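Please open the model in your viewer and keep the sequence beside it, since this tour moves from one selection to the next. At each stop, make the selection and then read what is there.

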Amino acid sequence: MTEERGGMVVYWRPGCPYCMKLRLRLRFSGLTYTEVNIWRDKDAAAFVRSVADGNETVPTVSVAGRALVNPSKRQLVRAVTEHAPHLLPAKAAPER
């Protein structure tokens, strides 16, 4: 699901320690998202520059069309909760 349809996209690049940290945390979060390597996708790099004052600052994340530059996991969860709650993991049913 792309950000145009209310999704979340994580823009990253190889070798970026901040990207690695955020991507690892997101993998265990249960959130639904797509990853895009800005070194392989020039349109993605252009998007990142458009929201990061002309810089290719990563990670940059788009949540339902709202860009966050170098966000924390907490900021992302807050943005998803507010703008794209359908991306949150389903709550596990209580055990009986």
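Which strands and which helix do the buried residues of H1 pack against? They pack against strand S1 (8–12), strand S2 (34–37), S3 and helix H3 (73–83), where contact means heavy atoms within 4.5 Å. The names follow DSSP runs numbered from the N terminus, a helix being a run of H or I with at least four residues and a strand a run of E with at least two.

Before going further, please note that this is a predicted model, in which local features need pLDDT of at least 70 and side-chain atom pairs count only at pLDDT 80 or more, while totals for chains, interfaces and linings use all residues. Residues are numbered from 1 along each chain as its sequence is written, and side-chain values use heavy atoms, with hydrogens and water left out.

If your viewer can colour by pLDDT, which is the predictor's confidence in each residue on a scale from 0 to 100, do so now. The chain averages 89, and 89% of the residues score at least 70. Among the elements of the chain, helix H2 (residues 42–51) has the highest mean pLDDT, 97, and H3 the lowest, 92. Where pLDDT is low, the predicted coordinates should not be read in detail.

**Helix H1**

Select residues 17–27, which form helix H1, and show the side chains of Cys-19, Leu-22, Arg-23 and Leu-26, which are buried (under 20% relative accessible area, with exposed meaning over 50% and partly exposed in between, for a 1.4 Å probe and protein chains only). These four residues cover an arc of only 100° around the axis, which puts them on the same side of H1; the arc is taken from the directions from the helix axis to the C-beta atoms.

**From H1 to S2**

Now add Glu-35 to the selection and look for its salt bridge with Arg-23, in which the closest N and O atoms are 2.9 Å apart. Because Arg-23 lies in helix H1 and Glu-35 in strand S2, the pair ties together parts that are 12 residues apart in sequence. A salt bridge here is a side-chain nitrogen of Lys or Arg within 4 Å of a carboxyl oxygen of Asp or Glu. Arg-23 is buried at 12% relative accessible area, whereas Glu-35, at 27%, counts as partly exposed. Glu-35 also meets the side chain of Arg-27 in a salt bridge of 3.7 Å, N to O, and Arg-23, Arg-27 and Glu-35 are thus linked in a network of salt bridges.

**Helix H2**

Next, select H2 and display Ala-44, Ala-45 and Val-48, which are buried. Seen down the axis of H2, these buried residues fall within an arc of 100°, so they line one face of the helix, and they pack against S1, S2 and S3. On the face turned away from that buried side you will find the exposed residues Lys-42, Asp-43 and Ser-50.

At the N-terminal end, Asp-41 caps H2, with a side-chain oxygen 3.0 Å from the backbone nitrogen of Asp-43. Arg-49 forms a salt bridge with Glu-56, the closest N and O atoms being 2.5 Å apart.

**The hairpin of S3 and S4**

Finally, select strand S3 (residues 60–63) and strand S4 (residues 66–69), which pair in the antiparallel sense over 4 bridges, pairing being counted if DSSP finds at least two bridges between two strands. Val-61 stands opposite Leu-68 in S4. The hairpin has 2 residues between the strands, and Ala-64 takes a positive phi near 50°.

How values were computed
Polar contact = N/O pair within 3.5 Å; in protein donor to acceptor, adjacent residues only side chain to side chain.
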